[in-house]
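Here are a few exercises to work through with the structure open beside you. Try each task before reading its solution.

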Amino acid sequence: MRSIWNGAISFGLVSIPIKLVNATESHSVSFRQIHTEDGGRVRYKKVCELDGEEVPQAEIGKAYEDADGSMIPITEEDLSALPLPTARTIEIVAFVPAGEIDPLQMDAAYYLSANGVPAAKPYTLLREALKRSDKVAVAKYALRGRERLGMLRVVDDVIAMHGLLWPDEIRAPEGVAPETPVTVRDAELDLADALMATLGEVDITTLHDDYRTAVEELIAAKAEGGEGVPAPAQGEESGGGQVIDLMAALENSVRAAKEARGEDAVVTELKPRATPKATDTKKSTSRAPAKKTAAPAHKSTSTKKTAAKKTATKSTAKTTAKKTQAKAPAKTQTKKSTPRKRTA
């Protein structure tokens, strides 16, 4: 890999000659501007506003535009004369835990390569010290005419440096968060947790740029004289709509994630586990029918007992009546038989 900067790491009194190499590269598809009428290439010309003439690159310099619009020329000699201790040095100023670096500050990434055989020993010393301390180094360096902040860490067996934005370059997130008060229930958080667990982890090396692939396929199809890639059918595109039922959307998301992973799509563990307030509401709701149900149960029991008593009373009364009826005819027969004997 081609180096873009040569200098040294200043580690106390130890100086480590290094080369700076880009650690990333862009794979995005670039386009040119054309005249849509005839397909001709549209190019930009650098023209002087005063004489209207095109200016070659060798005659283009730098200037600072003042508040009144006037230009203050600044030459490369002016900049090189400024006191810049880090002009060719990555000066380590501190070692801190990696968690203290805000990811918002992360900028471009570089690999630091030992420049020459004598640099191998101090380079390895710094690398192993970073490994054992489990910390990162905060450093200052100069690149492309300005002083920058950097973070050194170990990647495999190489020291990598991330350019960092200065703290005052990070904007405060004022007015970004929702201003409307929103209450999130525990049941919704449980479903969100279940969705996170279902999606699980991923090998980031397996991820790729689907849009770039589609653009390359479109270009290939156009180059062969075709009309390009057919547009997706309506309904395949997702996103942009408002979520009306958050619980249903979460449940459907978990179900879809499970199906994508080849798991059982039945969402059994996603029954809402409500907040204490919601639990009280549910309990009061569930208790109300229980009381209503329980009340008739008591009534039915007492009714049965009353009915049983009434039945027992009726049966007792019937039994008594039968006994009375049985005795009554006997007396009547006796009285009737006596007159017959007298008549005879």
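**Exercise 1. Is R127 buried or exposed?**

Before starting, note that this is a predicted model, in which local features need pLDDT of at least 70, side-chain atom pairs count only at pLDDT 80 or more, and totals for chains, interfaces and linings use all residues. Residues are numbered from 1 along each chain as its sequence is written, and side-chain values use heavy atoms, with hydrogens and water left out.

Step 1. Get the scale: buried means under 20% relative accessible area, exposed over 50%, and partly exposed in between (1.4 Å probe, protein chains only).

Step 2. Apply the scale: R127 has a relative accessible area of 14%, so R127 is buried.

Step 3. Place the residue: R127 sits in helix α2, residues 120-133. Helices here are DSSP runs of H or I with at least four residues, strands are runs of E with at least two, and both are numbered from the N terminus.

Step 4. Look at the surroundings: leaving aside residues up to four places away in sequence, R127 touches V154, D157, V158 and I159. Contact means heavy atoms within 4.5 Å.

**Exercise 2. Describe the salt bridge between E128 and K131.**

Step 1. Recall the criterion: a side-chain nitrogen of Lys or Arg within 4 Å of a carboxyl oxygen of Asp or Glu.

Step 2. Check the distance: the closest N and O atoms of E128 and K131 are 3.7 Å apart.

Step 3. Find the pair: both E128 and K131 lie in helix α2, three residues apart, which is about one turn of the helix. An α-helix has 3.6 residues a turn, so residues three or four places apart point the same way.

Step 4. Add the exposure: E128 is partly exposed at 36%, and K131 is partly exposed at 37%.

**Exercise 3. Which parts of the chain does the R146 and E169 pair link?**

Step 1. Confirm the salt bridge: R146 and E169 have their closest N and O atoms 3.6 Å apart.

Step 2. Locate the ends: R146 is in strand β8 and E169 in the loop between β9 and α3, 23 residues apart, and the pair links distant parts of the chain.

Step 3. Widen the view: salt bridges that share partners join R127, E128, K131 and D157 into one network. A search of the whole structure finds eight salt bridges.

**Exercise 4. Where do the buried residues of α5 fall, seen down its axis?**

Step 1. Set out the helix: α5 covers residues 246-260. Its 15 residues reach 21 Å from first C-alpha to last, close to the 21 Å expected at 1.5 Å a residue (the expected span is 1.5 Å times one less than the number of residues).

Step 2. List the buried residues: M247, L250, V254, A257 and K258.

Step 3. View down the axis: the buried residues of α5 fall within an arc of 100°, so they line one face of the helix. The arc is that of the directions from the helix axis to the C-beta atoms.

Step 4. Compare the sides: what covers the buried residues includes α3 (186-199), while E259 and A260 on the other side of α5 are exposed.

**Exercise 5. What is the phi of D134?**

Step 1. Read the angle: D134 has a phi near 55°, a positive value in a residue other than glycine.

Step 2. Set the background: most residues other than glycine have a negative phi.

Step 3. Place the residue: D134 lies in the loop between α2 and β7 (136-143), and at 67% relative accessibility D134 counts as exposed.
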